[in-house]
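Work through the exercises below with the structure open beside you. Try each task before reading its solution.

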There are 2 protein chains.
Amino acid sequence: MIKVGLLGCGTVGGGVVQLLRANAAYIEARVGAPIEIAKVLVRDPNKERVAELDRDRLTTDAKDVLEDASIDVIVEVMGGVNPARELLGTAIAAGKQIVTANKMLLARHGGDLLERARKRGVDLAFEGAVGGGIPVIRVVRDSLASDKIESIVGIINGTSNYVLTRMRQDGLSFQAAVKEAQDKGYAEADPTLDIGGGDAAHKLVVLAMLAFGARLDGATVPTEGIDSVEPVDHASAERFGFVVKQLAVAKLKGEGPSALLELRVHPALVAKDAPLANISGVLNAVAIEGRALGPCLLSGRGAGDMPTAVSVVADLVDVAIAKKSGVSGNMTRAIRLGERKLASMADVETRYYVRFSVYDRPGVLAKITGALGERGVSIEQLVQQGRGTADVPVDVVMLTHEAREAAMKAALAAIGASEYVAREPRMIRVF
Amino acid sequence: MIKVGLLGCGTVGGGVVQLLRANAAYIEARVGAPIEIAKVLVRDPNKERVAELDRDRLTTDAKDVLEDASIDVIVEVMGGVNPARELLGTAIAAGKQIVTANKMLLARHGGDLLERARKRGVDLAFEGAVGGGIPVIRVVRDSLASDKIESIVGIINGTSNYVLTRMRQDGLSFQAAVKEAQDKGYAEADPTLDIGGGDAAHKLVVLAMLAFGARLDGATVPTEGIDSVEPVDHASAERFGFVVKQLAVAKLKGEGPSALLELRVHPALVAKDAPLANISGVLNAVAIEGRALGPCLLSGRGAGDMPTAVSVVADLVDVAIAKKSGVSGNMTRAIRLGERKLASMADVETRYYVRFSVYDRPGVLAKITGALGERGVSIEQLVQQGRGTADVPVDVVMLTHEAREAAMKAALAAIGASEYVAREPRMIRVF
């Protein structure tokens, strides 16, 4: 019998209880013992639960769970940094195995928790933290045994992907798409963390920590949200053969220990026939590039409680097998996180999509292209959308060749400050 | 120290040796012990190897490997049914752990080998058998702990996908595309097993055995190759918003133990914006639909020696961890294969694309649609490509609504036998 203490029993926790029950026979055969939810930490034991649990297993006191010596595994699905951080620290110190789906906690303190788990010889599994039901964490962990990961590019926020998809495919405004996502339960009442890119940045830090063995606790990821993407950008992207997606990018620049780690989250133009371009709605996807493996794409439902519960249960089974066999700690033993410097956003080199709202006066295009050219940014394609006048601005959109971000930003600042543009230029990176 | 006996040392085996060497430090930390290739069974010890190996570890006598009591794990990368079957049987009986990438062997005798491994308490890992470097086997195995798999649809033959991609994107003829695939090393000198669908059928059997717990040794999978797909089919599919892909399909029809297992390999029309439609060239992809997980897509390099070697090494590390900890057999313990009846192809229900080459005589379309309608096949779209005459045939292509395969076949036979069609009607299922 493997005894589990569950911290939190909202919708993910309820899903875990349901799945454990529905697949009990297979799980028992796989683990060699049944898995039992022995104690559950809840805020209000009178609240109705997704899955029915014996009332006497519910408690509002964390000590009842953490100090119960018979409990083997702590499954944390409460979310948030506090008190989850302290509770998991206590559980690790007590030698309990850990399964968590808490991306925010891991992004801030994952390196510290992994280090503690390694030293204490316990497992710490966190598949549920990234990509819902997509088994991306285990693919990354397993890849490391036989390969070097070179880059990870993901669509890892279902809300943002849903909003962008509805804007592009059905012409909804940003506000209308967000409202719809909220009505359907895909977005929180306060969607800032999703729309602004913060949630994707948390997941990216967790992925990068594991893939590149980097201590990244609390790392600041350059992040742009999708709120600045306008319908005209979707239309212009389409015209150039792209779609706009919110991407999270992690890659190593250079070789060896001095290689810099580039982390960024922002909207990007993705070529229409690229696999990532066709990940629509609330689906998530992660593209992993391994030196030996080549490109590998994983996609599936990233949002939602049930897919996350699937990942938590898969982790729990792994951890339980090890515990049952008396060999816990394999999962953390090989993880050694080292310092890794982050690349500066100014040094990113990529192609750009830029949109200027200009007054249609003689010589304006020459001035714009000149300002770009002076800084080494050359243009691949340029389209003026209709005709403006000397007083009514018109949109000019272009795709550039590869350029350094610093040069691009300098050119845009110069152009933006000139009298022939009606508003701040808009820039979206091309993936 | 985990000692490995390698059976076969062609390009995959050489890749395994290279990867073990390149990632030795991480692997040793992960396993808790180094992994050493102790003996290698080869046909000709004088032949140059991809990876240099001490000459005294090479042998041409299988007994030197299998009867060496110090060897913990047998890695079989020789391919083919014989003598691999007998060698692995002997190795299992001797209590050695097994890693194999041999899809043909597993399709014919996988159930038997798994059963033997389970009874003997040894692990039997076979990630390398399906999908090259894509970790599809472990995703399926892990999913089973927390979910029920409902269907698997894959593009699992890189050669076929390459040929279809080149025909569609660049207008190559079938023969030219196959020739090019051979020149690039993507197709064998005799490409029958790839082009004809036999290789995909082997992999499908391996996937379905695991996903549905079904004893399928030597199962006959209804299989159609891609050799009958003509350029006009690609063009017509495009017109309807589809691309032609070679798919392998496994799904349960019905519920519980009496549910039938539908297995099939054939070309299919896939909607252009579906993720599978954008898996191009030699890439492979597997779409798994789980009851709780929802849809999950994995894609990556399916063909090629290095991706397969990545999977073999990932398996080897798993098996070595268990061996080192003295807990081998977890991988096979929960697998119980039961009998599962296969669905008949006649009962498949799907939409169809059909192409008729007809003489442009009055009333011909009425006859065709009548012959379909009589058998309950209704038409969704119909296009006559240009104009023929009473003596020069013209192509008429249509998409039907969902229909039973038996009805569709009967209608096509009746139409094909009539005097107004110039040649056998062509049918491709729509996915």
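An axis here is a line fitted to C-alpha atoms, for helices over the stretch in contact, and angles run from 0 to 180 degrees between N-to-C directions. Keep in mind that this is a predicted model.

**Exercise 1. A helix across a sheet**

Task: Find which strands of chain B helix 12 lies across, and state its angle to strand 5.

Solution:
1. Locate helix 12 of chain B at residues 305–324.
2. List the strands of chain B that it lies across: strand 1, strand 2, strand 4 (73–76), strand 5 (97–100) and strand 6.
3. Read the direction: helix 12 runs at about 170 degrees to strand 5 of chain B. Angles run from 0 to 180 degrees between N-to-C directions.

**Exercise 2. The order of the strands**

Task: In what order do the six strands of the open sheet in chain B lie, and which are the edge strands?

Solution:
1. Trace the open sheet of chain B: the order is 3-2-1-4-5-6, with parallel pairing.
2. Look for strands that pair on one side only: these are strand 3 (58–59) and strand 6 (124–125) of chain B, the edge strands.
3. Take one pair in detail. Strand 1 (residues 2–7) and strand 2 (residues 35–41) of chain B pair in the parallel sense over six bridges.
4. Pick out one position: B:I2 stands opposite B:I35 in strand 2 of chain B.
5. Recall the general rule: strands of a sheet pair through backbone hydrogen bonds, either parallel or antiparallel.

**Exercise 3. One asparagine**

Task: Is A:N161 buried or exposed, and which backbone oxygens lie by its side chain?

Solution:
1. Place the residue: A:N161 is in helix 7 (residues 158–170) of chain A.
2. Apply the cut-off. Buried means under 20% relative accessible area. A:N161 has 1% relative accessibility, so it counts as buried.
3. Check the polar atoms of its side chain. One lies 2.9 Å from the backbone oxygen of A:G281. The backbone oxygen of A:L283 lies 3.2 Å from a polar atom of the A:N161 side chain.
4. Set aside neighbours within four places in sequence. A:N161 is then in contact with A:I155, A:K245, A:I279, A:S280, A:G281 and A:L283.

**Exercise 4. Where the chains meet**

Task: Describe the interface of chain B and chain A.

Solution:
1. Count residues: 46 of chain B are in contact with 46 of chain A.
2. Give the buried area: about 4,200 Å², of which carbon and sulfur atoms give 55%.
3. Search for salt bridges: the rule finds zero across the interface.
4. Search for polar contacts: the rule finds nine residue pairs.
5. Name the elements of chain B that each supply at least two residues to the side touching chain A, among them helix 1 (11–22), helix 2 (24–31) and helix 12. Strand 11 of chain B gives the most, with eight residues.

Technical notes
Residues are numbered from 1 along each chain as its sequence is written. Chains are lettered from A and ligands numbered from 1 in the order in which they are written. This is a predicted model: local features need pLDDT of at least 70, side-chain atom pairs count only at pLDDT 80 or more; totals for chains, interfaces and linings use all residues. Side-chain values use heavy atoms; hydrogens and water are left out. Helices (H or I, at least four residues) and strands (E, at least two) are DSSP runs, numbered from the N terminus. Buried means under 20% relative accessible area, exposed over 50%, partly exposed in between (1.4 Å probe, protein chains only). A polar contact is a pair of N or O atoms within 3.5 Å; within protein, one must be able to donate a hydrogen and the other to accept it, and residues adjacent in sequence count only if both atoms are side-chain atoms. Contact means heavy atoms within 4.5 Å. Two strands pair if DSSP finds at least two bridges between them. Buried area is the accessible area (1.4 Å probe) that two parts lose on being put together, summed over both. A salt bridge is a side-chain nitrogen of Lys or Arg within 4 Å of a carboxyl oxygen of Asp or Glu.
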